[in-house]
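User: Please take a close look at a single helix of this model and explain how it is set against the rest of the structure. I would then like the account carried on into the sheet behind it.

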Amino acid sequence: MSTHKIVFAGPVGAGKTTSIASISDIEPFTTEEFATDEVKDMKDKTTVAMDYGVMELGNGEHIHLYGVPGQIRFDFMWEIIVEGGIGLILLLNNESDQPLDEMDVYLDSFKSFIDRTALAIGVTRLQPGKGPGLEDYVARLAQRGMSTAPIFEVDGRKPEDVVTLVQSLLYTLDPGLQTQEEMAGAAAV
Ligand SMILES: Nc1nc2c(ncn2[C@@H]2O[C@H](COP(=O)(O)OP(=O)(O)OP(=O)(O)O)[C@@H](O)[C@H]2O)c(=O)[nH]1
Ligand SMILES: [Mg+2]
């Protein structure tokens with residue numbers, strides 16, 4: 001039975017803790033504390049060390065889900081948590097002031113990890129006519145030469161959205177995945 005580790009990153013309030021809790025098959029481990037600084041204007045609690053959950057795939061594989069704290073002042077945790085990971089899920093909050101610039105900041109911060117692994121991006125709180133659209137993120141990614149990264153609109157509270165995002169990351173790592181599933185499906189008929 002194989003196990004893999006993927007890492008959720010992104011700004012405060014993007015939905016990292018929520019997304020991991022949505023899809024974890026165990027009670028998620030969180031390290032949330034009441035926010036004391038400017039974060040508390042946005043929400044009560046914030047992750048101070050890490051989130052952890054586990055997603056079991058149908059084939060017996062386990063995907064370990066790690067979330068890093070969004071606040072830059074805890075960025076010393078980022079390097080520790082990505083160790084041994086196979087890919088990054090970057091969550092962005094489309095309602096923040098400059099979500100495209102935030103994407104750049106996080107892609108720069110996690111550049112060496114992304115370069116040696118894989119990336120999938122989820123944009124939360126997308127509303128038609130409010131803030132940038134998904135095509136603006138795609139254009140910014142293309143400017144960075146990263147147009148192959150999967151990017152989706154997601155609601156961290158909806159397990160099906162988060163599972164799709166995780167699957168897109170796994171598919172980037174192993175395009176044979178779908179074929180194997182199709183073959184398994186075909187064999188079952
Ligand atoms: N509308 C909407 N709300 C969301 C979504 N995902 C999470 N939330 C809510 O947004 C708030 C913040 O979500 P968290 O999961 O705590 O955010 P986080 O990324 O872990 O934030 P930090 O730990 O502070 O870095 C919570 O109240 C969630 O219920 C989403 O996709 N859409
Ligand atoms: Mg959190």
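Analyst: In this predicted model, E135 and Q143 of helix α5 are exposed. They lie on the other side of the helix from its buried residues, which are Y137, R140 and L141. These three cover an arc of only 100° around the axis, which places them on the same side of α5. The general geometry of such a helix is relevant here: with 3.6 residues a turn, residues three or four places apart point the same way.

The cover over the buried residues of α5 includes β6, β7 and β8, together with α3 (99-109). Helix α5 spans residues 134-143 and lies across β6, β7 and β8, running at about 165° to β8. Just after the helix, G145 takes a positive phi of about 70°.

The three strands beneath α5 belong to an open sheet of six strands, whose order is β4-β5-β1-β6-β7-β8 and whose pairing is mixed. The edges are formed by β4 (51-56) and β8 (151-153); each has a single partner strand, so one side of each is left without a neighbour in the sheet. From one strand to the next, the twist averages 25°.

Within this sheet, β6 (residues 87-93) deserves particular attention. Seven of its seven residues are buried, so the strand is largely enclosed by the rest of the structure. Its side chains are divided between two directions: G87, I89, L91 and N93 point one way, whereas L88, L90 and L92 point the other way. On one flank, strand β7 (residues 119-124) pairs with β6 in the parallel sense over six bridges, and G122 of β7 is the bridge partner of L91. Strand β1 (residues 3-9) also runs parallel to β6 and is joined to it by four bridges; here A9 stands opposite L90. Further along the sheet, β1 pairs with strand β5 (residues 62-67), again in the parallel sense and over six bridges, with V7 and Y66 as bridge partners.

A second helix, α1, also packs on β6. It lies across β1, β4, β5 and β6, running at about 30° to β4. The buried residues in α1 are K16, T17, S19, I20 and I23. Seen down the helix axis, they fall within an arc of 165°, so they line one face of α1. One of them, S19, has a relative accessible area of 1%. Leaving aside residues up to four places away in sequence, S19 touches F8, L91, G156 and V162. Through L91, this contact leads back to β6, where that residue is among those pointing the same way as G87, I89 and N93.

Helix α1 also contributes to the magnesium site. The protein donors of the magnesium ion (ligand 2) are T17 (OG1) and T47 (OG1), at 2.0 to 2.1 Å from the ion. T17 lies in α1 (residues 16-23) and T47 in strand β3 (residues 45-47), so the pair ties together parts that are 30 residues apart in sequence. Both threonines are buried.

Taken together, α5 lies across β6, β7 and β8, while α1 lies across β1, β4, β5 and β6. Strand β6 therefore appears in the account of each helix, and the strand itself is largely enclosed by the rest of the structure.

Conventions:
Residues numbered from 1 in each chain as written. Chains lettered and ligands numbered in written order. Predicted model: local features only at pLDDT ≥ 70, side-chain atom pairs only at ≥ 80, totals over all residues. Heavy atoms only, no water. Donors = N, O, S within 2.8 Å, 3.2 Å for Na, K, Ca; no water. Buried < 20%, exposed > 50% of the residue type's maximum accessible area, 1.4 Å probe, protein only. Arc of directions from axis to C-beta. Pairing = 2+ DSSP bridges. Contact = heavy atoms within 4.5 Å. Axes fitted to C-alpha atoms, helices over the stretch in contact; angles between N-to-C directions.
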